[in-house]
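Trainee: I've got this one open on my screen. Can we walk through it together?

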Amino acid sequence: MGIYLNPDNDGFRRALRSEIYVDKTGLIALTNKYLDTEQQFICVSRPRRFGKSMALGMLAAYYSRGCDSRKLFGGLKIEKDPTFEENLNQYEVIYLNMQHFLIGAKAQSLTEYLEEKVVEEIRKVYGDLFSERETILAVILGEIYAVTGRKFVFLIDEWDCVMRERQESEELQRQYLDFLRNLLKDQSYVALAYMTGILPVKKYGQHSALNMFWEFSMIDQGFFEEYTGFTETEVQELCERYSMDFEEAGSWYDGYQFAKYHHIYNPKSVVEAMHRGRFSNYWTSTETYDALKIYMDMDFDGLRGDIVQMLGGKRIKVNTFSFQNDMRNFRVKDDILTLLIHLGYLAYDSETEETFIPNREIAREFENAMSVGGWQEIMSILKASEKLLQDTLLGKEESVAEGIDLAHMEVASILTYHDENSLACAIGLAYYSARKDYRIIREMPAGDGFADIVFLPLPFCKKPAFVVELKYNKSAEGAIRQIKEKRYTQALKGYSGEILLVGISYDKAGGNKTHSCRIEKIVN
């Protein structure tokens with residue numbers, strides 16, 4: 001066993017010995033399915049700390065001839081799969097963590113350093129099968145395969161670190177991509193190549209060296225949805241085990257959404273919350289908010305307005321196809337939004353082609369990034385949101401109208417228009433602090449229509465639910481009537497207790513007092 005050639009199973013063993021281990025070995029059945037097929041080149045990209053390296057450690061333990069992993073997989077999902085025995089510890093594995101090579105290369109060429117270290121290790125095992133003078137890894141592997149017939153599984157971690165950390169060095173990027181293409185493409189010794197990173201591989205300028213890879217990203221995880229993070233069932237089981245509130249866990253860490261699995265949770269944050277016994281910002285605390293602020297401050301085509309609307313709970317249409325899959329070449333705001341999806345700061349709904357802020361943890365990171373300057377008008381709304389919520393719960397109609405008026409004026413200064421969408425965005429921001437106690441749903445199907453905004457209290461919260469109806473150039477009393485006539489409170493089926501009916505109107509021609517509010521209380 002070695003570091004690069006046929007690593008041992010220590011990484012997977014450590015994962016199994018951890019207090020919290022969620023069985024994701026079903027991933028192995030998927031990779032077995034594509035061994036030595038036209039789909040043998042797989043690139044799975046996800047945000048940092050979403051379990052990419054752990055998955056590679058598991059695959060290495062399963063495929064590597066350098067260890068006996070049968071006992072480690074005992075009782076796990078993959079053991080019941082018909083392909084388990086066939087491929088267990090049957091392949092030559094080459095494990096490459098590109099981040100380590102990038103750091104270790106220093107003044108030396110990255111690819112030369114990589115080949116030097118890997119060939120040095122291979123020579124100790126197979127040195128009698130190729131010339132002492134040979135230094136090209138692809139040639140050496142070809143000669144080993146020609147003699148032994150043994151195929152290789154390539155596991156490549158942080159494949160895109162060159163693109164992320166050497167953004168200005170296009171020559172280095174081209175050399176690196178050419179190296180990977182020569183090593184993997186059309187090579188008979190390859191049984192499987194499984195790469196992980198944050199960015200997809202498709203488009204780096206015009207240099208499409210790795211076009212043989214089948215891509216699965218945060219835009220579309222395809223077959224790998226279940227293995228992107230923790231599923232709803234997995235988090236529910238953890239919450240029961242650690243006596244943590246499942247609904248609150250969802251408000252903090254849920255929100256990543258795919259075609260089949262509509263609720264994917266941030267695995268790093270869930271594990272940390274279970275260990276510590278409290279919900280907080282854990283994933284975002286592993287990196288400074290400056291990384292997010294850089295992109296927020298690139299105000300392409302009204303990007304600033306889109307961010308404000310998403311903070312207010314709105315979803316934004318995005319074209320993800322224009323993104324060039326790097327962190328440097330941005331032409332339109334959709335490129336920035338798509339990058340933020342890949343980085344995990346935004347979620348994406350492929351059915352509607354919309355992006356949104358997934359949960360409280362990420363919303364707080366946006367808040368942190370805005371707090372250091374340039375977003376004063378939005379920060380003033382967020383800071384006033386706690387008082388507005390209290391005024392609403394106490395039925396203080398005048399105070400609520402004044403708070404909404406202030407929020408709407410600040411939002412309009414960024415969105416530059418006054419209409420129902422601007423008002424809805426202002427409402428979402430004005431009640432920003434309610435996220436800690438409420439599930440906030442915009443355009444919720446209810447009764448004979450759609451309730452504008454529903455505030456459904458989380459189970460641990462003792463506050464009443466409320467339904468907000470917005471009216472533009474109409475009365476707040478009319479908004480209350482519409483809630484009743486169209487039976488919007490039916491959206492709260494299963495909830496028992498007080499419900500506040502909140503009607504808010506905006507009259508652009510109404511002089512200084514442009515907003516009015518009416519609040520009624522009923523019992524469900």
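**Starting from one histidine**

Mentor: Sure. Bear in mind that this is a predicted model. Leaving out residues up to four places away in sequence, H342 touches R46, P47, I198, L199, P200, S217, M218, I219 and F323.

Trainee: Is H342 buried or exposed?

Mentor: Helix α15, residues 333-343, is where H342 is found. Buried means under 20% relative accessible area. H342 has 2% relative accessibility, so it counts as buried.

Trainee: What percentage of the 524 residues of the protein chain count as buried?

Mentor: Let's set the scene with the fold: the protein chain has 20 helices and 15 strands. Its C-alpha trace spans about 90 × 50 × 35 Å along the principal axes. Of the 524 residues, the share that counts as buried is 57%.

Trainee: Which residues is I378 in contact with, leaving aside its neighbours within four places in sequence?

Mentor: I378 belongs to the largest nonpolar core, which has 76 residues, and is among those with the most contacts inside it, along with L311, F366, I404, L429, Y431 and F466. With those sequence neighbours set aside, the contacts of I378 are V308, L311, M370, I414 and L429.

Trainee: How many residues are in the second, separate core?

Mentor: That core includes Y4, L5, L137 and F154. Its residue count is 46.

Trainee: And the charges: how far apart do the centres of the positive and negative sets lie?

Mentor: The protein chain carries 63 positive and 79 negative side chains. The distance between the centres of the two sets is 3 Å.

Definitions and conventions: Residues are numbered from 1 along each chain as its sequence is written. This is a predicted model: local features need pLDDT of at least 70, side-chain atom pairs count only at pLDDT 80 or more; totals for chains, interfaces and linings use all residues. Side-chain values use heavy atoms; hydrogens and water are left out. A nonpolar core is a set of buried Ala, Val, Leu, Ile, Met, Phe, Trp, Tyr and Cys residues joined through side-chain atoms within 4.5 Å. Buried means under 20% relative accessible area, exposed over 50%, partly exposed in between (1.4 Å probe, protein chains only). Contact means heavy atoms within 4.5 Å. Helices (H or I, at least four residues) and strands (E, at least two) are DSSP runs, numbered from the N terminus. Lys and Arg count as positive and Asp and Glu as negative; His and the chain ends are not counted. The place of a charge is taken as NZ of Lys, CZ of Arg, CG of Asp or CD of Glu.
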